[in-house]
Amino acid sequence: MIKRLTRLEVEDFRVFRGPVSVPLDADVVLIYGPNGSGKTGLISALEFAVTGAVEDLRAFSDDYPRCLGHIRASGKPRSCLFFESIAGEPLYQSTPTNGWSDRDVKPANLSEADRRFFIERRYLSQRRLGRLFEIYQSSDKQQPEQPLIRFVRELLALDLLENLTIGLYEVGNITRMQKGSRLLAALKDEEASVPEQRTRLRQKRDELSGQLKESLDTIHAILSSTGDRTPNAPWTSAGLRTRIEAVESAEQSEKLSGTLQRLQQSQGELQSALGLLRAASGAAVQDLGSLQAGLVATETREKAIEPKLTLLLQKAEQVLRSVKVSVPQITPLPDISRRLDEVEEAAAKALARLDTEIGLANETTQEMISLDARAAGLEGAIREGGAPSAQKSQEQRRRAELLQGVLDHLTNDICPTCGRDYSELGSGTLKARITQELGALGLDIERLESAARRRSQLEAERDAVSRRIAAIKERAKQDQSSVEAIQASRDQLSSLMNALTGEADSRQDWRRQHQEETRIRAELRAVEVRVSQQDKSKSQISHLADELGIPKETRPADAQALAELVSNQLRTQIDELERRRGHRNELLATLARAERTARELEELDNTTKALNEREQRIQTALGRVDQYIEKARSLARAANSAKERLLREVFNETLNGLWGELFERLVKLETFVPRLSEPTARRGQIRAAIQAIAKGTERIDPFEQAGSVLSAANLNTAALSLFLSLHLVERPRHRVLVLDDPIQSMDDVHVGQLANLLRGIVREAGRQLILCVHERSLYEYLCLELGPTREADSLLAIELIRNAADDGSVIRSERHAWKQDLVTFGM
Amino acid sequence: MNAESISNLLRSEGRYKLAAQPLRVQDLEFKGDFDAVLEGPNDERGLVLVVDGTALPLSTIQRRLKALSSALTRTRSMRPTTVVLITQQPPDDSSVAELQALSRLIVISAQDNAKDCLRPLLHLKLPQDSKLPQEQVVKSADTILQEELGGQITDPFLSALIKAARKSPSDVERTVREQIDRAAKLEAPEGRSHD
């Protein structure tokens, strides 16, 4: 614990460049310097040496130590404080900035409590002074004591406790905590969902277990019905497969499937054979006889008609050859009726062609007659048109050219050829007359040329008709003999057609007989096939009976009866095989279902296990959370309790008495003095109000709010006096009081009163006072006011001076001590 | 109220000693200039001059005080001097200013409470002198908090909260939430990565 500071050594700290030693070994140390000369830097170095921190700077940033070094210094800043302890031994406290490893020592080893105490009760920093100014300058006239309360909170570090109380409000209630922590809320939700998940899993497990039991019961029932050949096999998947294989192996099953397939095929064949047998039985043989008889009768009738028709055919072919008509050999004989039809068709076509040729010849004759008449008409028209008029047309054209030549050279009405003056005639101008004459000549020329063109056309047409007539005449002369031959052929064909028509009934009769023969022959072939199939079916049925092992002596003679017997035997065997195969398939399907269910059960068990593990982890995490919440709650409770204790211990009647005393010394003309009320608990929060009581009265009820009766200036003084009261109220840990420029807006009276009070604190309470001021006159005044008044007193006046190079501040100190004067009393 | 009662009050509650008169500064004697002269408090050499101004004009008092002040200055005395002026009515401001230029001044009018006026000169009664036991120490908030928590705070979580509380409630709240979020994070089962 610090009794007296003796020296401060700083190096490259703030405005101090290089090592600077500051003497402090005096009752009062007055430090003066204009703004920016390093007063606060010096006090910060002192605080840094004692506590290892500069609270005012830490409020801005945690890495503030980098701001402590001199701006041009390369080394780390250092602050080393020498002091005497209350126990009497000289000590020092050295505090480097971070990373200053070689000197990172604190030989004095002040406890954290000692360091905090220095900050709270021994040092009025600029920031706290700023609070005082807030009080003084508070614009909130309604609640001027609020800055004072803030000052008190800061002075007592109540902010620490209140910040804890407010900041830990959330942990007081788990619902509030969940709103603040997303992960915790999610964890709680998940925890709440676990029972429901577990119920769902249990229900699913019951369902699957039921399904598995049902499958096993089914397998057991089937095995019981088929005969369990391996009763000792376990009721596991492998064991059940062993049991199923024992009933019927896969190989046996395959063989059984082959047999069943073959039997089913045989059954199909038997059904087919039986159908044929039924269809072909009975009538087939009888039909065969009647059909054969009908065939003979038909053939006989055909043969009776054939000679006549053959003769007709030969004759027709002869005629056709004679008229040069070829008949394609389409239908082979003996279908004579069809052949005759073809011959008749060919003859009819030839007859039609000949008729056409005869018609054409007649048309040529008619055309020639018409052309002759046309030619005569054209000749008449040419003659009517007269002689050719081309010459007359030429003459008229020449005349027009002459008149045109005259017109081009005409300048008046005097004719250039006859010399006559046409103006004298009174029948228009000469030019008009010539123009009229030219128009008449033009029409005449056009008419003459049109007549010439018409004549040329008529002559050309007459010539063409004449050529056509000559050509027709030439051809008619050549075809005259052919027309006669055509007519002869026509007559022959016409005769043939009549002969063919005459034998139409015979031809029709032969055709009917021939068609009947054809039909009978087809039916005969079908009946023969059926009889053959019937035989084959009987053979198949017999063969199946052999295969089924039906003894020959027990087989019925009737094929259908035998087929029925074979069919029944086949049905029985197939049913047996299908029953065995059905059992095996059902066993295998049920086993597969059981295995699937077992796998699902296994997965379900794994899911349940995972759920249990997760729940365990959730519980573990929630346990951790609870631990932290409980710690936080215990801290909140401790903070609240500490606040209550602090307020009760600090703000007792002793402090209130001292506070009132100091306040009155600083404020002479004030009726009220401040005091702190007894702390009360409300909603878990400890509160204490700054009240005001009437001075020198017995009034019991105080004013609940000091701001309602104290002026802002006096609230400011109340704050300063409270700090000094707190400083003085207990047995001192440190006998030093550090004030950083506290007098900034006081009038002379207040300054004098403060000086008087500080002198009392130094003299009466034995404190060492470190005081910074920024006004020279005040500095000089305080040198006198706080100066030595007895032999043991001392005062150090320290002046900070910025050097010329502005490279930092230097220290000039002067020690003041009591000097015996020449004052005497009495005779 | 007179010079004698003032002297007695300063002696009893201010720990001043009544000095024998006349007051001399070197070879200059101030006989009868002041109604009472006191020295103190305790062994200090401060001078308190009690003047009954009810029977003297202020100009006389000013003249006598000026003479003393000049003598002290001439002999380079460091003694602080306080004049206690007893008057019927408060003097005007200019007269007070003239006196204050020469010395500290306490004016006690007829209607004033003498003790209140003399308070700056009276002994500063400190609690530890009479009431507080020597072992009583008012503890700081940190210390009390530590005591409430049962000793030194070693738990990192609590240390972090207290560190945050030195800044703001929201820092405390954020520190709690971050720690709760870390605690609420599920640990990965063996052989698996974190959820």
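# Exercises on a two-chain predicted model

Between chain B and chain A there are 11 salt bridges. The structure is a predicted model, and the exercises below treat the contact between the chains before turning to chain A.

## Exercise 1: The contact between the chains

Determine how many residues each chain gives to the contact, and which element of chain B gives the most to the side that touches chain A.

*Solution.*

Step 1. Chain A contributes 83 residues to the contact and chain B contributes 78 residues. The area buried between the two chains is about 7,300 Å², with 59% of it given by carbon and sulfur atoms.

Step 2. The rule finds 30 residue pairs in polar contact across this interface. On the side of chain B that touches chain A, the elements that give two or more residues include strand S2 (23-25), helix H6 (141-148) and helix H8 (169-184) of chain B. H8(B) gives the most, with 10 residues.

Step 3. Sorted by class, this side of chain B has 39 nonpolar, 26 charged and 13 polar residues.

## Exercise 2: Specific links across the interface

Identify a salt bridge, a salt-bridge network and a strand pairing that join chain A to chain B.

*Solution.*

Step 1. A:Arg645 and B:Glu147 form a salt bridge through their side chains, at 2.6 Å from N to O.

Step 2. A network of salt bridges links A:Glu661, A:Glu664 and A:Arg665 with B:Asp116 and B:Arg119.

Step 3. Strand S15 (residues 823-825) of chain A runs antiparallel to S2(B), and three bridges join them. Within this pairing, A:Thr824 stands opposite B:Arg24.

## Exercise 3: A strand within chain A

Decide whether strand S4 (residues 78-85) of chain A is largely enclosed or open, and state why.

*Solution.*

Step 1. Chain A has 20 helices and 15 strands. Of its 827 residues, 42% count as buried.

Step 2. In S4(A), seven of the eight residues are buried, so the strand is largely enclosed by the rest of the structure.

Step 3. S4(A) pairs with strand S1 (residues 2-13) of chain A in the antiparallel sense, over eight bridges. There A:Arg4 stands opposite A:Glu84.

## Exercise 4: Salt bridges that tie chain A together

Find how far apart in sequence the parts are that the pairs A:Asp25 with A:Arg4 and A:Arg241 with A:Glu595 tie together.

*Solution.*

Step 1. The side chains of A:Asp25 and A:Arg4 meet in a salt bridge of 2.7 Å, N to O. A:Asp25 lies in the loop between strands S2 (16-23) and S3 (28-32) of chain A, and A:Arg4 lies in strand S1, so the pair ties together parts that are 21 residues apart in sequence.

Step 2. A:Arg4 has a relative accessible area of 18% and is therefore buried, the cut-off being under 20%. A:Asp25, at 30%, is partly exposed.

Step 3. In the second pair, the closest N and O atoms of A:Arg241 and A:Glu595 are 3.3 Å apart. A:Arg241 belongs to helix H9 (residues 237-247) and A:Glu595 to helix H16 (residues 559-650) of chain A, so this salt bridge ties together parts that are 354 residues apart in sequence.

Step 4. A:Glu595 is buried, with a relative accessible area of 18%, whereas A:Arg241 counts as partly exposed at 38%.

## Exercise 5: A further pair

State whether A:Glu578 and A:Arg571 are buried or partly exposed.

*Solution.*

Step 1. A:Glu578 and A:Arg571 form a salt bridge, their closest N and O atoms being 4.0 Å apart.

Step 2. A:Glu578 has 32% relative accessibility and counts as partly exposed. A:Arg571, with a relative accessible area of 33%, is also partly exposed.

Conventions: Residues are numbered from 1 along each chain as its sequence is written. Chains are lettered from A and ligands numbered from 1 in the order in which they are written. This is a predicted model: local features need pLDDT of at least 70, side-chain atom pairs count only at pLDDT 80 or more; totals for chains, interfaces and linings use all residues. Side-chain values use heavy atoms; hydrogens and water are left out. Contact means heavy atoms within 4.5 Å. Buried area is the accessible area (1.4 Å probe) that two parts lose on being put together, summed over both. A polar contact is a pair of N or O atoms within 3.5 Å; within protein, one must be able to donate a hydrogen and the other to accept it, and residues adjacent in sequence count only if both atoms are side-chain atoms. Helices (H or I, at least four residues) and strands (E, at least two) are DSSP runs, numbered from the N terminus. Ala, Val, Leu, Ile, Met, Phe, Trp, Tyr, Cys and Pro count as nonpolar, Asp, Glu, Lys and Arg as charged, and the others, Gly among them, as polar. Two strands pair if DSSP finds at least two bridges between them. Buried means under 20% relative accessible area, exposed over 50%, partly exposed in between (1.4 Å probe, protein chains only).
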